[in-house]
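Colleague: I am new to looking at models like this one, and I would love a close look at a single part. Could you take me through it slowly?

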Amino acid sequence: MIARRTPAILAAMALALLLFYKGGALLPALLGLALFGALALLRPDLALLFVPLTAPLYLIPGALPGLRASAFDLPLHEAALLLALA
């Protein structure tokens, strides 16, 4: 049963990270992180696949605007790793 849902979970995780990365505002970015975190709780093995896939983007971090005076920058691979380990 889980093997049938694997492509759907991978696609949802990718869209959640894309929402965090390109959300632009605080609410979509946090929603993307929350969705990826929920899916990572369901399948942490699949969440770890996104760490090496997003590592080339380490010089272009995702931003969480509105938390401080300047935007809080978080690299995408670190966000994926932290949520997979949580």
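Colleague: To start with, how many salt bridges does the count come to?

Modeller: Happy to help! This is a predicted model, where local features need pLDDT of at least 70, side-chain atom pairs count only at pLDDT 80 or more, and totals for chains, interfaces and linings use all residues. Residues are numbered from 1 along each chain as its sequence is written, and side-chain values use heavy atoms, with hydrogens and water left out.

The count comes to one salt bridge, where a salt bridge is a side-chain nitrogen of Lys or Arg within 4 Å of a carboxyl oxygen of Asp or Glu. Side chains of opposite charge can pair when their charged atoms come close. Here the partners are Arg43 and Asp45, and their closest N and O atoms are 3.1 Å apart. Arg43 counts as buried because its relative accessibility is 15%, while Asp45 has 45% and so counts as partly exposed. In these terms, buried means under 20% relative accessible area, exposed over 50%, and partly exposed in between, using a 1.4 Å probe and protein chains only.

Now for the helices. Helix α2 covers residues 26-42 and helix α5 covers residues 76-85; their axes come within 8 Å and cross at roughly 45°. That makes α2 oblique to α5. Helices are DSSP runs of H or I with at least four residues, strands are runs of E with at least two, and both are numbered from the N terminus. Axes are lines fitted to C-alpha atoms, for helices over the stretch in contact, and angles run from 0 to 180 degrees between N-to-C directions. Angles under 35 degrees count as roughly parallel, over 145 as roughly antiparallel, 65 to 115 as roughly perpendicular and the rest as oblique.

Leu85 belongs to helix α5. With a relative accessible area of 62%, Leu85 is exposed. Between the C-alpha atoms of Leu85 and Gly37 there are 9.6 Å, although 48 residues separate them along the chain.
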